[in-house]
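Please find below my notes on the model, set out as numbered points. They are best read with the coordinates open alongside.

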Amino acid sequence: MTAAKAENPKPIITLDNVTRSFGSVQALRGVTAEIREGEFFSLLGPSGCGKTTLLRMIAGFDEPTSGAITLDGKPMAGIAANHRPTNMVFQSYAIFPHLSVADNVGYGLKKKRLPKAEYDREVEEALKMVSLGGYGPRAAHTLSGGQRQRVALARALIMRPKVILLDEPLSALDKKLREQMQIELRRLQRSVGITFILVTHDQEEALIMSDRIAVMFDGQIAQLDSPEALYRKPNTQRVASFIGVMNFLEARPIGEKGDKISLDIQALGLLDIPASALPEGMAASEISRVGVRPEMMSIVLEGAKSTGHDIEAEIAEAEYYGDMTYYLVKLSGKDEPVTISMRNTAGRAVLEAGSKTRVSFSPESIVVFQ
Amino acid sequence: MDVQNEGRKGLLLVSPTFLYAILLLAAPLILVVMFSFWTQDYLDLDTTPTLANYKEAWSEPLYRELMLRSLRISVLVTTVTVLSAFPVAYYVSFRVKERKALWLFLITAPFWTSYLLRVFLWKVILGYNGVFNSALLWTGIIEEPLQFILYNVNAVVITLAHAWAPFAILPIFVALEKIDRSLLEAAEDLGDGPVRRFFRVTLPLAIPGVMAATLIVLIPTVGDFITPRLVGGTEGLMISNMIQVQFGKANNAPLGAALAVSSMFIVGGLSLLIFLASRRVGRVAGE
């Protein structure tokens with residue numbers, strides 16, 4: 001996010017206690033959030049968490065049971081999708097099969113009755129934006145999955161909406177193409193400056209692309225934060241295990257000394273951690289568990305000096321990923337092994353299962369939970 | 001050896017179907033075509049090939065009039081049937097959420113009685129002392145029974161449109177069911193109201209169904225002869241009634257055959273034209 005936006009984060013969409021019930025099923029249980037103008041916002045959660053329902057309500061395909069959605073200062077209740085300044089990229093892309101690529105992209109422009117030359121220029125510009133320049137005359141059904149996705153995007157961009165809504169747009173693409181599109185989408189969003197709202201169940205995708213992410217569980221926002229804050233300071237165990245891998249250890253608060261909290265942690269022993277690790281509104285006495293990310297621990301190499309915080313351990317399993325090795329490591333005092341990731345830098349051998357070693361960690365990287 | 005065996009086996013497997021196709025489809029058609037080049041000589045058939053029957057079929061004003069009337073009536077029937085079938089199909093596809101199968105089942109319910117019976121029922125409804133006239137008289141809307149509703153073209157159109165309705169509803173329904181609903185949402189999302197969306201997305205994508213319905217209704221109704229005979233009066237008679245007369249009372253099967261083959265080609269040509277036109281419409285409508 002650029003500095004200007006951070007200083008003056010004007011909300012483009014305000015969600016005020018939005019709920020949605022389908023019969024006896026509560027799909028959304030009161031969602032309150034502000035989405036800022038020009039940001040790349042993601043709704044991340046497992047299937048059935050209500051993220052798509054929320055997106056469809058912003059688009060105007062569905063109405064909240066209670067609560068209000070405000071878009072660019074105007075309440076959206078009763079306003080149909082065709083009168084909202086939003087455009088959607090559908091999961092299935094919804095490319096009109098009976099139209100050419102150009103007619104698909106220009107579909108929404110037709111209503112404006114532009115002169116032919118101007119219309120053609122706009123369509124070609126939109127196609128160029130998604131690297132499909134010259135594809136206009138092609139029939140829509142001849143396109144590949146990735147190309148359809150681009151056409152769907154161009155069709156939304158050409159409308160110059162206030163907000164573009166993306167409903168799992170990359171889920172149908174293969175891994176390579178998906179990774180390429182993630183970066184491309186992000187770059188495109190920055191260059192056009194339109195607010196993007198992405199719905200995804202892929203935490204990695206959300207982390208790569210978003211300015212801010214709302215993690216949703218059971219029809220509610222569990223945490224709304226920047227990708228880094230979500231990863232480093234998840235406020236619940238559920239968020240922590242949904243985003244990346246987290247090793248959980250039992251912990252007991254012993255006391256507070258100034259800006260330090262003393263904890264008795266399973267397998268790690270007595271430790272002082274910075275008081276800043278404590279989430280807002282939580283007291284040190286409420287701590288019952290801590291979490292450590294796999295890359296925040298490391299296996300101490302043979303002959304290296306102890307950093308002060310290291311413990312005896314035994315490798316239970318090693319999973320080799322090429323650039324990384326994921327070790328399942330048994331710490332003394334904990335039955336379940338913890339996951340530790342190590343970069344396979346030059347000269348570092350992969351340790352075999354059964355080898356005894358030592359694990360070091362830094363108290364600053366410890367996250368606390370209720 | 002093996003290949004030969006396999007070939008023989010294939011031939012054996014396909015032969016029942018093949019025999020069926022030859023005996024029931026190709027043979028009667030070939031016979032009719034052959035007849036059309038012969039001449040009736042009282043009780044005998046003169047099998048010297050001649051084009052005289054075709055000359056008569058295409059030059060006699062009566063036949064031309066009957067053929068044109070048949071086309072006019074069946075085009076009218078088709079238009080009425082398809083236009084009235086579309087809303088029904090649309091309703092079942094888009095508005096009915098549960099028990100679609102039951103709806104389709106009920107649409108086909110009239111087919112449990114014979115075609116002839118249904119035509120007679122229309123006679124009862126549309127007749128001088130029929131249900132329709134009685135009701136209008138009773139309510140005082142008219143003082144004398146209406147006479148223009150039976151024994152003319154209107155009656156033929158009403159009867160045929162009713163009889164063929166399910167054949168038009170089903171293909172249109174299938175085409176509408178196949179439309180990806182997210183396409184409709186996309187059209188709305190891009191600014192279309194319900195009417196624009198219908199003409200730009202729903203209708204062009206339903207064209208294959210509409211075309212199938214059109215052909216399914218048009219082709220057999222050109223050749224229908226029961227309905228015009230029973231409810232059409234004299235001005236409602238069609239080409240098939242003449243073909244029937246030629247094969248029967250007039251004892252001129254070759255002329256009847258020539259009329260039949262001619263009308264077959266005309267209907268074939270018309271169907272081809274409709275097919276080509278609908279493809280164009282489908283392509284242009286969405287723009």
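1. In this predicted model, strand S6 (residues 86-89) of chain A pairs with strand S7 of chain A in the parallel sense, and four bridges join the two. Within this pairing, Met88(A) has Leu165(A) in S7(A) as its bridge partner.

2. S7(A) also pairs with strand S8 (residues 195-200) of chain A, again in the parallel sense, here over five bridges, and Val163(A) stands opposite Thr195(A) in S8(A). Between S7(A) and S8(A) the chain passes through helix H6 (residues 175-192) of chain A, and the resulting β-α-β crossover is right-handed.

3. How many of the five residues of S7(A), which spans residues 163-167, are buried? The count is five of the five, so the strand is largely enclosed by the rest of the structure. Both of its faces are covered, with Val163(A), Leu165(A) and Asp167(A) buried on one side, and Ile164(A) and Leu166(A) buried on the other; a reader following the bridges will recognise Leu165(A) as the partner of Met88(A).

4. A further sheet of chain A is open and has four strands, in the order S2-S1-S4-S5, with antiparallel pairing. Strand S2 (25-36) and strand S5 (74-75) of chain A stand at its edges, and because each has a single partner strand, one side of each is left without a neighbour in the sheet. The partner of S2(A) is strand S1 (residues 11-22) of chain A, to which it is joined by nine bridges in the antiparallel sense; Thr19(A), for example, stands opposite Arg29(A) in S2(A).

5. As for domains, chain A is divided into domain 1 (3-239), domain 2 (244-289) and domain 3 (292-362). The centres of domain 2 of chain A and domain 3 of chain A, taken over C-alpha atoms, are separated by 22 Å, and their contact takes eight residues from domain 2 and 10 residues from domain 3. On the side of domain 2 of chain A that touches domain 3 of chain A, there are five nonpolar and three polar residues, and no charged ones.

6. The contact between the chains takes 18 residues from chain B and 18 residues from chain A. On the chain B side, the elements that give two or more residues are helix H8 (181-189), helix H9 (194-222) and helix H12 (253-285) of chain B, of which H8(B) gives the most, with six residues. By class, the side of chain B that touches chain A has six nonpolar, five polar and seven charged residues.

Definitions and conventions:
Residues numbered from 1 in each chain as written. Chains lettered and ligands numbered in written order. Predicted model: local features only at pLDDT ≥ 70, side-chain atom pairs only at ≥ 80, totals over all residues. Domains from an automatic or database assignment. Contact = placed C-beta atoms within 7 Å. Nonpolar A, V, L, I, M, F, W, Y, C, P; charged D, E, K, R; others polar. Pairing = 2+ DSSP bridges. Buried ≥ 20, exposed ≤ 12 C-beta atoms within 10 Å, placed from the backbone. Right-handed = clockwise from strand over helix to strand, strands pointing away.
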